[in-house]
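User: Please take a close look at one part of this model. Start with a single residue, then work outwards until its surroundings make sense.

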Amino acid sequence: RYHHTSISHLCSCSKTASDEKYQDPFQLGRKDLKNLYEDIKKELLVSTAELKEMCDYYFDGKGKAFRPMIVVLMARACNVHHNNSREVQASQRSVAIIAEMIHTASLVHDDVIDDANSRRGKMTVNQIWGERKAVLAGDFILSAASVALARIGNTTIISVLTQVIEDLVRGEFLQLGSKENENERFAHYLEKTFKKTASLIANSCKAVSILGCPDPKVHEIAYQYGKNVGIAFQLIDDVLDFTSCADRLGKPTAADLKLGLATGPVLFACRQFPEMNAMIMRRFSKPGDVERARKYVLQSDGVQQTTYLAQRYCHEATREISKLRPSPERDALIQLTEMVLMRDK
């Protein structure tokens with residue numbers, strides 16, 4: 001069962017990824033993301049060699065740049081909608097850079113909190129340089145992002161993007177807590193998912209829409225698209241923790257269970273196997289809990305249900321973005337919802 005529960009089986013999507021109707025979002029956004037990582041490194045002008053090395057470690061240009069990609073596509077889609085301009089403004093591109101910096105700072109800090117030893121297929125910053133220095137490197141990247149944000153010189157954009165940093169902290173606190181009541185538990189999980197993952201995408205999309213178009217309706221469309229895609233992205237991430245092999249994922253599988261976290265597949269599985277409740281409450285801390293919980297999840301329809309839920313969020317994202325005037329960028333954002341569902345790492 002473990003081998004056959006792949007995402008592609010579970011997606012009864014109307015369009016396939018091979019559907020040539022849409023341009024590849026990554027091709028379309030490439031022009032605006034050229035030199036993205038070099039530009040980020042310019043923001044991280046550092047006096048000490050060690051801090052520079054730590055900051056550069058994740059900005060190696062090997063990431064998918066998924067968030068900046070969404071941000072520049074949204075910028076162009078909103079610009080076309082407003083005045084038929086296909087150009088990305090310098091301030092909108094800055095938002096894409098800032099989004100990637102905030103995201104990376106949060107990864108550095110997450111790895112410290114989780115005592116993780118691998119990320120994107122290589123050792124984590126905390127494993128190489130130690131926890132204390134890793135915390136400071138994350139702080140430094142955040143402070144550089146704040147300086148870049150101030151340089152945009154727009155107070156609305158500053159308040160929209162600082163909300164992201166607040167949400168990241170609140171999301172981490174939510175993750176450290178747990179709920180006794182089963183119904184509250186799912187709401188708690190979705191709120192944590194929004195704050196830790198989707199808020200960054202939602203608010204970055206909103207920020208570029210504000211810079212490109214004065215219409216509040218468009219700002220709301222951009223925000224809702226980002227929010228729904230962001231939640232779907234994390235739901236699929238939580239599915240891959242059970243269905244993907246560690247080599248493809250670039251980090252250990254069943255990592256969430258080992259951290260004591262009950263994600264979507266676990267919460268759905270718990271409805272079929274109520275004996276998991278006790279394990280969730282003790283955060284899978286007893287010997288054998290992680291393996292047993294994993295077995296229950298793969299015997300249940302938890303993976304399938306979580307994937308269906310992700311599909312619903314992607315459907316909602318598509319519904320929102322379809323309100324914008326047609327453009328290759330708008331269609332690429334629709335295509336991106338398919339890619340979120342079909343990804344395997």
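Analyst: Glu182 sits in helix 10. The model is a predicted one, and every value below is computed from it. Helix 10 covers residues 182-212. Glu182 has a relative accessible area of 40%, so it counts as partly exposed. Setting aside residues up to four places away in sequence, Glu182 touches Arg271 and Asn277. The first of these partners lies far along the chain: Glu182 and Arg271 are 89 residues apart. In space, their C-alpha atoms are separated by 9.0 Å.

That contact leads to helix 14, which runs over residues 264-272. Is helix 14 enclosed or open? Seven of its nine residues are buried, so helix 14 is largely enclosed by the rest of the structure. The buried residues are Gly264, Pro265, Val266, Leu267, Phe268, Ala269 and Cys270. What do they pack against? Helix 10 is one of the partners. Helix 11 (216-243) and helix 13 (255-258) are also among them. So are helix 15 (276-281), helix 16 (289-299) and helix 17 (302-321).

Cys270 has a relative accessibility of 2%, so it counts as buried. Cys213 is buried too, because its relative accessibility is 4%. Why does Cys213 form no disulfide? The closest cysteine sulfur to that of Cys213 belongs to Cys78 and lies 6.5 Å away, which is too far for a bond. The cut-off used here is 2.5 Å between sulfur atoms. By that rule, the count of disulfides is zero.

Now back to helix 10, by way of a residue that contacts it. Gln175 belongs to helix 9, residues 155-176. Its relative accessibility is 10%, so Gln175 counts as buried. Leaving out residues up to four places away in sequence, Gln175 touches Lys192 and Lys196. Gln175 also touches Asp114, Leu261 and Arg283. Another pairing places Gln175 beside the chain segment of Glu191: the two are 16 residues apart in sequence and 9.7 Å apart in space, C-alpha to C-alpha.

Asp114 is a partner of Gln175, and helix 6 spans residues 90-114. Asp115 follows, in the loop between helix 6 and strand 1. What is notable about its backbone? Phi of Asp115 is near 50 degrees, a positive value in a residue other than glycine. Asp115 is partly exposed, because its relative accessible area is 49%.

Helix 6 also holds Gln92. Is Gln92 buried or exposed? Its relative accessibility is 0%, so Gln92 counts as buried. Beyond its neighbours within four places in sequence, Gln92 contacts Val71, Ala75, Asn79 and Glu87. Val208, Leu211 and Gly212 are in contact with Gln92 as well.

Helix 6 helps to cover helix 4, too. Helix 4 comprises residues 49-58. Its buried residues include Leu51, Met54 and Cys55. Asp56, Tyr57 and Tyr58 in helix 4 are also buried. Besides helix 6, the cover over these residues includes helix 3 (36-43), helix 7 (125-129) and helix 8 (131-152). Strand 1 (118-119) and strand 2 (122-123) are part of the cover as well.

Ala65 lies in the loop between helix 4 and helix 5 (66-83). Phi of Ala65 is near 55 degrees, a positive value in a residue other than glycine. Ala65 is buried, because its relative accessible area is 11%.

Now the whole chain. How many helices and strands does it have? The chain contains 18 helices and two strands. Its radius of gyration is 20 Å, close to the 20 Å that the globule rule gives for 345 residues, so the chain is as compact as a globular protein of that length. Along its principal axes, the C-alpha trace spans about 55 × 50 × 35 Å. Of the 345 residues, 57% are buried. Long-range contacts are counted as well: among contacts between residues at least 6 apart in sequence, 75% join residues at least 24 apart. The pair of Glu182 and Arg271 is in contact, with their positions 89 residues apart along the chain.

The surface comes last. The chain exposes about 15,400 Å², and carbon and sulfur atoms supply 52% of that area. It carries 47 positive and 43 negative charges, and the mean positions of the two sets are 2 Å apart.

Conventions:
Residues are numbered from 1 along each chain as its sequence is written. This is a predicted model: local features need pLDDT of at least 70, side-chain atom pairs count only at pLDDT 80 or more; totals for chains, interfaces and linings use all residues. Side-chain values use heavy atoms; hydrogens and water are left out. Buried means under 20% relative accessible area, exposed over 50%, partly exposed in between (1.4 Å probe, protein chains only). Helices (H or I, at least four residues) and strands (E, at least two) are DSSP runs, numbered from the N terminus. The radius of gyration is taken over C-alpha atoms; the globule rule is 2.2 Å times the number of residues to the power 0.38. Contact means heavy atoms within 4.5 Å. Accessible areas come from the Shrake-Rupley method with a 1.4 Å probe; for residues, only the protein chains shown count as cover. Lys and Arg count as positive and Asp and Glu as negative; His and the chain ends are not counted. The place of a charge is taken as NZ of Lys, CZ of Arg, CG of Asp or CD of Glu.
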